[in-house]
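Please load the model in your viewer and keep a selection panel open, since this tour moves from one selection to the next.

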Amino acid sequence: MEGGRDPDCRRSFVWEEKRWNRGLLEHFKRCIALRKAYPALRRGEFRTLLAQNDLYCFARRLDKETVVCAFNTGASARELVIPVEGYLPGRAVLRGAWGEGEARVKAGRLVGPTLPPRTGMVLIENRSKGD
């Protein structure tokens, strides 16, 4: 069953393990592990922080956990500068859970590393209950 004149979207699953795309399988496993590790990614409040040209950033928040996801879909690197005034505290530091580095809130903006082309980054702020 290989689909007919459609865009090949009705093809059945390939059961022969030797034909599987191992890289894609490992990528999905990593995505699932990230989602399981941070409850905010499953149940948290959703907010778009920036959608401009080739850069899209959103946040998810649940209790004291905030997750910021940034995606660069363009062909060139993009500096990570995301408006977060009123959303993240002025002293916040978010650390990379997917992607290297960290980002800090400065003057109402989350400033972090440069995102290479066609990549993404997941940043985590996990405040203790006393913050």
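Why are Glu 26 and Lys 29 separated by about one helical turn? The two are 3 residues apart in helix H1, helices being DSSP runs (H or I) of at least four residues and strands (E) of at least two, numbered from the N terminus. Select both side chains and you find a salt bridge, 3.8 Å from N to O, the term meaning a side-chain nitrogen of Lys or Arg within 4 Å of a carboxyl oxygen of Asp or Glu. Glu 26 is partly exposed at 44% relative accessible area, and Lys 29 is likewise partly exposed at 46%, where buried means under 20%, exposed over 50% and partly exposed in between, with a 1.4 Å probe and protein chains only.

Before going on, note that this is a predicted model, in which local features need pLDDT of at least 70 and side-chain atom pairs count only at pLDDT 80 or more, whereas totals for chains, interfaces and linings use all residues. Residues are numbered from 1 along each chain as its sequence is written, and side-chain values use heavy atoms, with hydrogens and water left out.

Stay on helix H1, which spans residues 22-37, and select Phe 28, a partly exposed residue at 48% relative accessibility. Adding Leu 24 and Ile 32 shows a nonpolar surface patch with about 290 Å² of accessible area together; nonpolar patches join side chains of Val, Leu, Ile, Met, Phe, Trp or Tyr within 5 Å, from residues with over 30% relative accessible area and no salt bridge.

The structure holds 6 salt bridges, so far represented by one pair. Next, select Glu 16 and Arg 19, whose closest N and O atoms are 3.5 Å apart in a salt bridge; Arg 19 is exposed at 54%, while Glu 16 is partly exposed at 40%. Then take Glu 17 and Arg 22, which meet in a salt bridge at 3.4 Å, and finally Arg 95, Glu 102 and Arg 104, linked in a network of salt bridges.

End at the largest pocket, with a volume of about 210 Å³; a pocket is an open set of points on a 1 Å grid where a 1.4 Å probe fits, with protein on both sides within 12 Å along at least five of seven lines, and lining residues have an atom within 4 Å of a point. Of its 13 lining residues, Leu 34, Cys 69, Phe 71, Trp 98 and Val 122 lie nearest the centre. The lining divides into 10 nonpolar, 2 polar and 1 charged.

Note on methods: Patch = residues over 30% accessible without salt bridge, like charges linked within 9 Å, V, L, I, M, F, W, Y side chains within 5 Å. Areas by Shrake-Rupley, 256 points an atom, 1.4 Å probe, with all protein chains shown as cover. Points joined across faces, edges and corners; volume = space filled by probe spheres on them. Nonpolar A, V, L, I, M, F, W, Y, C, P; charged D, E, K, R; others polar.
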